[in-house]
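Reader: I would like to go through a model with you before I set anything up. Could you show it first?

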Amino acid sequence: MLASLVTGCSAAHHQDSADGPLNGPDYADAGSGEECIPEEEGGSVTFGMDELHNYGSKTVVIDKVTLRKASGLRLAEAVIVSTSTAFIGVSTGYPPVPEARNQPGIDWAHRRKAVGASISPQPDNAKVANNLVLHIQVTASKAHASGVLVHYHVGDSTYVWHNVMGLTVETKKKKC
C-alpha cells in the first residue's frame, strides 16, 4: 500500500519541472492505468488512489490541483487524508462511502484542503501516507480525465507532479 517512489530532486527556478521531491528516479517507469466507475451525469465520484510523498529535504507546498485532459468532469475539491493502512480508493458519490473513510488507520476526520497544504520531508519507509482524495463532479455523458496534476513549490522552485491513473466515468452502463 505504501509503496514508495525514490526521489530525484533537481531544482527548476521559476519554471515548473517534473523532477521534484514528489517524484523519484523510477517514476517514469511507474506505468499507467485507468479506473472506470459508473455514475450518472450530475453525480459525483471519489478518486483517492494517489499518495503524495515528499522524498526531498525541504517542505513542499501545494499550489494547485487540476484534472489532466478532462472532459465531462470537474474537480470540486481536493483534500489530503493521512493514512497508515489503505487509500480511500475510487467510489461513486462524495464524501467517500463510510466503509472507505472509516477504516482503521484512515484519518478522514482530520483531512485538509490540498491547496495550500504543506508536506514535510518523509523517510522512504514512512508509516503514514498522504492520500490525495478528489471530489469530482460528472458534468457530461462522456466523462474522462487522463490523470491528476499537482502544482507545488519548494522555496522559489516550482514543480508539477502527475499521477499515472486516468479516470473514466461510464454514465450509460450500469458498470464498467
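Author: The turns below cover confidence, fold, cores, cavity and charged contacts.

Author: This is a predicted model, in which local features need pLDDT of at least 70 and side-chain atom pairs count only at pLDDT 80 or more, while totals for chains, interfaces and linings use all residues. Residues are numbered from 1 along each chain as its sequence is written, and side-chain values use heavy atoms, with hydrogens and water left out.

Reader: What does the pLDDT of the protein chain average?

Author: The average is 85, and 82% of the residues score at least 70; pLDDT is the predictor's confidence in each residue, from 0 to 100.

Reader: Where does pLDDT stay under 50?

Author: One such stretch is residues 1-14, for which the model has 46 contacts beyond four places in sequence, a contact being heavy atoms within 4.5 Å. Another is residues 25-30, with 11 contacts beyond four places in sequence.

Reader: How many helices and strands are there in the protein chain?

Author: There are one helix and 12 strands, taken as DSSP runs numbered from the N terminus (helices H or I, at least four residues; strands E, at least two). Along the sequence the pattern reads β-β-β-β-β-α-β-β-β-β-β-β-β. Among contacts between residues at least 6 apart in sequence, 78% join residues at least 24 apart.

Reader: Now the interior. Which residues touch the most other members of the largest nonpolar core?

Author: They are L52, L73, L132, L134 and V150, in a core of 30 residues. A nonpolar core is a set of buried Ala, Val, Leu, Ile, Met, Phe, Trp, Tyr and Cys residues joined through side-chain atoms within 4.5 Å. Buried means under 20% relative accessible area, exposed over 50%, and partly exposed in between (1.4 Å probe, protein chains only). Elements that give two or more residues to this core include β2 (44-51), β3 (60-68), β4 and β8 (129-138).

Reader: And what is L52 in contact with, leaving aside its neighbours within four places in sequence?

Author: Its partners are L22, I62, I80, I119, Q122, N130, L132, V150 and W161. There is also a second, separate core of eight residues, which includes V81, I88, Y94 and A100.

Reader: What volume does the largest cavity have?

Author: About 50 Å³, and it is the one cavity of 30 Å³ or more in the structure. On a 1 Å grid over the protein atoms alone, a cavity is a set of points where a 1.4 Å probe fits but cannot get out, and lining residues have an atom within 4 Å of a point. Grid points are joined across faces, edges and corners, and the volume is the space filled by probe spheres set on the points.

Reader: Which residues line it?

Author: The lining consists of F47, L67, L134, I136, A145, G147, V148, M165, G166 and L167. Strand β12 gives the largest share, three residues.

Reader: Changing topic, which side chains meet in a salt bridge?

Author: Those of E77 and K113 do, at 3.6 Å, N to O; a salt bridge is a side-chain nitrogen of Lys or Arg within 4 Å of a carboxyl oxygen of Asp or Glu. The pair links distant parts of the chain, with E77 in strand β4 (residues 73-83) and K113 in strand β6 (residues 112-113), 36 residues apart.

Reader: Is K113 buried or exposed?

Author: K113 is exposed, at a relative accessible area of 59%, whereas E77 is partly exposed, at 24%.

Conventions. On a 1 Å grid over the protein atoms alone, a cavity is a set of points where a 1.4 Å probe fits but cannot get out, and a pocket is an open set with protein on both sides within 12 Å along at least five of seven lines; lining residues have an atom within 4 Å of a point.
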